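Reader: Please give me a close look at a single part of this model, and then relate that part to the rest of the chain. I would like the cut-offs to be stated wherever a term depends on them.

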Amino acid sequence: MLPQLPTPGDLAAWLKVEPDELDWFADRWRVPAHSAATPLHHYSYKAIEKCDGRYRIIEIPKSRLRALQRKVLSGLLDRIPAHESAHGFRRGRNIVTFAAPHVAKAVVMRFDLTDFFASVHAGRVYSAFHALGYPLAVARALTALCTNRVPSSRLLAPDVRDRIDWQERQRYRNRHLPQGAPTSPALANLCAFRLDVRLAGLARSVGASYTRYADDLAFSGDENLARMAERLTVRVAAIALEEGFSVNLRKTRVMRRGARQHLAGVVVNSHVNVARPEFDALKAVLTNCVRHGPRSQNRDDHADFRAHLAGRVAHVAMVNAARGAKLRALLERIEWDEESGVGANSNGKASR
């Protein structure tokens with residue numbers, strides 16, 4: 001059952017803050033949007049380069065707002081089921097469950113939604129909260145707690161100015177789901193519910209399977225789907241647009257059985273698996289760590305290289321347990337200098 005919150009005062013009490021604090025965190029005082037440096041803003045910003053050379057902005061809520069958002073997530077949003085086709089940001093779901101329905105199919109089609117979080121504007125978030133039965137004032141306060149607008153000064157800063165196009169900049173300037181807030185994934189799934197309903201229906205109408213992992217959409221089927229791939233692409237793009245999203249057609253892939261079929265890094269040709277080149281590359285890194293010390297392989301200067309390698313091994317193990325066990329055995333043979341935080345080689349000497 002969802003918490004009963006008939007008034008903003010009840011919302012404040014549920015969040016364990018004073019009403020004026022709720023107003024503050026809900027940006028009721030309308031801090032000017034042009035400056036990113038003022039301490040009155042509730043977010044800090046980090047630019048991350050995409051594989052195409054452009055940037056995305058990660059919006060990181062400050063500690064007190066983040067604590068309130070976590071309360072909204074655990075006490076409210078986590079109690080609302082996402083569509084069955086959604087596999088991202090859900091307990092018991094992951095990239096393996098996302099990819100598994102598409103194993104051993106004649107054709108697999110992958111679509112990518114552009115600016116998934118930033119595409120979900122405040123009006124859609126408000127509508128979602130209001131549809132759950134919350135009164136106007138409460139839905140507005142919840143929306144304000146969970147959305148943000150990026151200051152113009154950050155969008156026009158030298159490091160990102162020419163790497164964010166005009167349309168992306170407009171999305172960031174309007175209130176939207178911030179990528180970096182704990183509430184954004186669950187709210188994105190909630191706001192994409194109609195999208196999932198329509199795309200799942202489209203898939204059934206052509207005898208195909210459909211799943212979604214965040215901004216990745218996947219369809220698969222027999223030769224009949226292969227023949228109608230172009231028409232399906234047009235229909236998927238149209239439905240996405242009608243539901244407030246846009247498909248990045250440059251990233252659309254039609255993968256037939258004779259080529260490698262992969263979704264979110266998982267190969268699905270005959271069974272879920274890790275791509276052989278990825279496995280071989282990681283195995284080579286781990287082997288060299290054993291022989292020459294981990295410092296010799298930390299070419300990207302990871303602050304915690306041990307955790308980085310453990311995460312990559314865990315990813316492989318999730319997809320393919322046998323391959324993961326082989327890599328974990330290598331990981332356990334690496335000698336680490338625990339005190340200094342640098343690796344030691346097999347002779348116990350620090351690697352250079």
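Author: Phe219 is buried, since its relative accessible area is 0%, where buried means under 20%, exposed over 50% and partly exposed in between, with a 1.4 Å probe and protein chains only. The model is a predicted one, in which local features need pLDDT of at least 70 and side-chain atom pairs count only at pLDDT 80 or more, while totals for chains, interfaces and linings use all residues. Residues are numbered from 1 along each chain as its sequence is written, and side-chain values use heavy atoms, with hydrogens and water left out.

Phe219 is joined in an aromatic pair by Tyr210, the two ring centres being 5.0 Å apart and the planes 40° apart, which makes the pair tilted; rings of Phe, Tyr and Trp (its six-membered ring) pair when their centres lie within 6.5 Å, and planes under 30 degrees apart count as stacked, over 60 as edge-to-face and the rest as tilted. Tyr210 is buried as well, because its relative accessible area is 7%. This pair is one of seven aromatic pairs in the structure, which also has an aromatic cluster formed by Phe89, Phe98, Phe116, Phe117, Tyr213 and Phe245.

For the setting of these rings, the chain has 352 residues, of which 49% are buried, and its C-alpha trace spans about 65 × 60 × 45 Å along the principal axes. It contains 15 helices and nine strands, taken as DSSP runs numbered from the N terminus (helices H or I, at least four residues; strands E, at least two). Of the contacts (heavy atoms within 4.5 Å) between residues at least 6 apart in sequence, 68% join residues at least 24 apart.

One helix packing shows such contacts in detail: H3 (residues 63-75) meets H6 (residues 136-146) through Leu65, Leu68, Gln69 and Val72 on the H3 side and Leu142, Leu145 and Cys146 on the H6 side. By class, this contact has six nonpolar residues, one polar residue and no charged ones, with Leu, Val and Cys among the types counted as nonpolar.

Away from the rings, Glu49 lies in strand S1 (residues 43-49) and is partly exposed, because its relative accessible area is 48%. Leaving aside residues up to four places away in sequence, Glu49 touches Arg54, Tyr55 and Arg163, whereas its C-alpha atom is 42 Å from that of Thr7, a residue 42 places away along the chain.
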